[in-house]
Amino acid sequence: MSQPLSVLGNITAEQFLNEYWQKKPLLVRQAVPEVIDLLEPDDIKSLALEENVTARLIQQTGSLHDQWKVQSSPLSKKAFKNLPPYWTLLVQAIDHYSMDLSELWKKFHFIPQWRRDDIMVSYAPKGGSVGKHFDFYDVFLVQGFGARRWQLGQYCDENTKFIEGQPLKLLSEMDITFDEVLEPGDLLYVPPGLSHYGVAENECLTYSFGFRMPNLAGIIDRVSDHFADEQLFKNPVKDNERSPNHAIGEITAKELRTLKHQLIETLMHSDHFDHAVLSLMSEPKYPDNIPEPDELELEDLLDLIGSTYTIQLEPASRLLYTQEDEKLMFWANGERLNIQSETAVILKDIADGQVLNFDARFNHHSLLNDLFPLINDSILMLTSPEENEA
Ligand code: SIN
Ligand code: CO
């Protein structure tokens, strides 16, 4: 962890997390050279037309190019006819379609996998942008093709006002504090809340490595689902030291405190909170991107042992684990997994991002029995040697 990392401009992960992460931006030239020309504008255009892809086509209309129009997927070829001079095509979860891109998450290994959202790509002709705005999440903007000028401005929050009457949450002004052109391979880290504005210098592709942040409303919602499913929590809460001396119209502050205390005690001393968070954070954001696998039989798996096949996490699926009393517990795509301890050891490595050779150590009946449904549910994927070379 303490080595300087080229993706961070040769500072260490500790330094980045202490000084920059969620605090201030960081520009790194040639941080991700592997991304250069990995995909070209035409690849993005064709992908945007595919079924199940989540994409948006943003156009700047009007004589001042200040009237915005957003068209969401499914997009047809017709949508790209008669475009105004400035437009942007955004395609979400591009890492679910390109293993090479998905591999690049490893550059950011110092942030846990459960915080990853997806890699979005933006494609714009010269002058195209999505306007001045801010996001509520961390993003590493990586230039893949062509060049984009990025300007950064003031920090914003939930009270920030947007331009009225537009389909995007746009800022009318930015107090520019940063103004740089990013070339292919360059990276700009933008913390949550920092206003930014990226304008294509020429036909360009920019990748946004975005990170999800849980919010308390979402967690409470999920906890309450768990509570609602639990018979024990439906029992009435008993009175605590009922006294006769109070006005009958009042619910006292003490009574409220007692109820709050009981709720918090229950959260603290049961695993319902942990399970709610794990199920929430392991939910796939784009479930339609999870491929239908070729149904395998257990014998097919046995045949592959010792071959050059590898096993890893399917990029569109999510696999998380936590440790309770030294026991590893796994959650995948919103559901808890029921697996043996020898499977847990292997699954932990996969959840930690490893690609494992499907070698002799998989030759155990109980292990294969556990892995088999995970492969057939596309939580794990077996990759053939040809695919590895592709
Ligand atoms: C873009 O790449 O144009 C938009 C990415 C962002 O602003 O988060
Ligand atoms: Co943004």
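UniProt positions are given here in the numbering of this chain, and its annotations may be inferred rather than shown by experiment. The model itself is predicted.

**Exercise 1.** Locate the JmjC domain and describe its span.

Solution.
- Step 1. According to UniProt, in an unreviewed entry, the feature "domain: JmjC" covers residues 100-228.
- Step 2. For residues 100-228, helix accounts for 13% and strand for 37%.
- Step 3. The C-alpha atoms at the two ends of this span are 43 Å apart.

**Exercise 2.** Decide whether I251 is buried or exposed, and place I251 in the chain.

Solution.
- Step 1. I251 sits in the loop that links α4 (216-228) to α5 (253-268).
- Step 2. The relative accessible area of I251 is 52%.
- Step 3. A residue counts as exposed when this value is over 50%.
- Step 4. I251 is therefore exposed.

**Exercise 3.** Which residues form a nonpolar surface patch with I251?

Solution.
- Step 1. The partners of I251 in the patch are V237, L256 and L259.
- Step 2. Together, the four residues V237, I251, L256 and L259 have about 360 Å² of accessible area.

**Exercise 4.** Describe the chain as a whole, from its elements to its surface.

Solution.
- Step 1. Count the elements: there are 10 helices and 19 strands.
- Step 2. Take the extent: the C-alpha trace spans about 75 × 70 × 45 Å along its principal axes.
- Step 3. Of the 390 residues, 46% are buried.
- Step 4. Among contacts with a separation of 6 or more, 79% join residues 24 or more positions apart.
- Step 5. The accessible surface is about 21000 Å², and carbon and sulfur atoms contribute 50% of that surface.

Notes:
Residues are numbered from 1 along each chain as its sequence is written. Chains are lettered from A and ligands numbered from 1 in the order in which they are written. This is a predicted model: local features need pLDDT of at least 70, side-chain atom pairs count only at pLDDT 80 or more; totals for chains, interfaces and linings use all residues. Side-chain values use heavy atoms; hydrogens and water are left out. Patches are made of residues with over 30% relative accessible area and no salt bridge: like charges are joined within 9 Å, nonpolar side chains (Val, Leu, Ile, Met, Phe, Trp, Tyr) within 5 Å. Accessible areas come from the Shrake-Rupley method with a 1.4 Å probe; for residues, only the protein chains shown count as cover. A salt bridge is a side-chain nitrogen of Lys or Arg within 4 Å of a carboxyl oxygen of Asp or Glu. Helices (H or I, at least four residues) and strands (E, at least two) are DSSP runs, numbered from the N terminus. Buried means under 20% relative accessible area, exposed over 50%, partly exposed in between (1.4 Å probe, protein chains only). Contact means heavy atoms within 4.5 Å.
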